[in-house]
Amino acid sequence: VSYRLTSAYTTYADIDKRNLVIGKKSKKYLSTLGEVSKKIKATTESIFKNEQSDIEKIESILYYFRQNFHYSLITQNTQDIDPLENFFYYEKSGHCELFATALVMMLRSVGIPSRICVGYCGGQFNKNLNTYIFYKDDAHAWAEIYFEGYGWVVIDSTPTGGPSVNNLENSGDPEFDANKFLEVGKKKKKA
C-alpha cells in the first residue's frame, strides 16, 4: 500500500508573536477531565508570575517544559499510576505522547484552545522513487494552538533528543533536505 501526501504547516517558532490572537475558544479544544487535569491546572497557574497575555502564558509553559522534563522512550512508573501524572510529577521523563498530552492539558487549563496531533517526522528520502519513506520510529506526537489568521499552529514541547517537528533539519538522515521534503508531491508548473 502506498500513499501520496502533500503537507505544509506553521510552527509557533516561525510566527510573529507581537499581534497574535488566540482563536475562538471552542469548548471542544478547552476540555480537560479527571483529577490529574485539576492538579496540572494548579501547577500551571503556579508557574505564572505576572503573565497577563496568552502569549506570555505560552512562553512560560514552554520554559517550564525546558527546565523540568527530558525525553526518554523508557518510563518506569513503579507506582503504577496514571501515565500522565507519573510523567508530570514523578519521573519528569517520557516520550512525545506524554509531552504533547501534558502541554495540551496545561494550555487548555488556562483557556488556550489546543489539540494533540500524531503523525511522522523525518523519514528517509528514496532518490529512485522521489519520495520519503516513513517507519514506525519516525512516529511523533505534538500539540497545536489555534491562532486567528494562522489557523492551527504546531507547538512542540518535545526536547532535543526526541523526534520533533521543530527540528526537521536534524532528522538524523544525512541526505535529508527539509526544503525538498516540503516540495515533494507539489504539482509542477508547466513551462
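Two strands are said to pair if DSSP finds at least two bridges between them, and the strands themselves (E, at least two residues), like the helices (H or I, at least four), are DSSP runs numbered from the N terminus. The structure here is a predicted model, in which local features need pLDDT of at least 70 and side-chain atom pairs count only at pLDDT 80 or more, while totals for chains, interfaces and linings use all residues. Residues are numbered from 1 along each chain as its sequence is written, and side-chain values use heavy atoms, with hydrogens and water left out.

A good place to start is strand E6, which covers residues 139–147. Seven of its nine residues are buried (under 20% relative accessible area, with exposed meaning over 50% and partly exposed in between, for a 1.4 Å probe and protein chains only). E6 is therefore largely enclosed by the rest of the structure. Strand E3 (residues 114–120) runs antiparallel to E6, and seven bridges join the two. One of these pairs tyrosine 120 with alanine 139 of E6. E6 is also joined to strand E7 (residues 151–155), again antiparallel, this time by five bridges. Here tyrosine 146 has tryptophan 152 of E7 as its bridge partner. E6 and E7 form a hairpin with three residues between the strands, and in it glycine 149 takes a positive phi near 85 degrees.

Serine 114 gives a close-up of strand E3, where it lies. With 0% relative accessibility, serine 114 counts as buried. Setting aside neighbours within four places in sequence, serine 114 is in contact (heavy atoms within 4.5 Å) with Tyr29, Val104, Leu107, Arg108, Glu144, Ile145 and Trp152. Serine 114 and valine 153 sit 39 residues apart in sequence, yet their C-alpha atoms are 9.3 Å apart in space.

Now for the helices. The axes of H1 (residues 34–47) and H2 (residues 54–68) come within 10 Å and cross at roughly 105 degrees; these axes are lines fitted to C-alpha atoms over the stretch in contact, and angles run from 0 to 180 degrees between N-to-C directions. That makes H1 roughly perpendicular to H2, a label for angles of 65 to 115 degrees, with those under 35 roughly parallel, those over 145 roughly antiparallel and the rest oblique. H1 brings Thr43, Thr44 and Ile47 to the contact, and H2 brings Ser60, Ile61 and Tyr64. By class, that is three nonpolar, three polar and no charged residues, where Ala, Val, Leu, Ile, Met, Phe, Trp, Tyr, Cys and Pro count as nonpolar, Asp, Glu, Lys and Arg as charged, and the others, Gly among them, as polar.

The largest nonpolar core (buried Ala, Val, Leu, Ile, Met, Phe, Trp, Tyr and Cys residues joined through side-chain atoms within 4.5 Å) has 34 residues. Tyr12, Ile58, Ile61, Phe65, Phe87 and Phe147 touch the most other members. H1, H2, H3 (83–91), H4 (96–109), E6 and E7 each supply at least two residues of this core, and H4 gives the most, with eight. Isoleucine 61 touches Thr44, Ile47, Phe48, Leu103, Met106, Leu107 and Val110, not counting residues up to four places away in sequence.

Two loop residues round off the picture. Asparagine 77 has a positive phi near 45 degrees, though it is not a glycine, and it is placed in the loop between strand E1 (70–71) and H3. Asparagine 77 is buried, with a relative accessible area of 18%. Lysine 92, also not a glycine, has a positive phi of about 55 degrees. Lysine 92 lies in the loop between H3 and strand E2 (93–94) and is partly exposed, at 23% relative accessible area.
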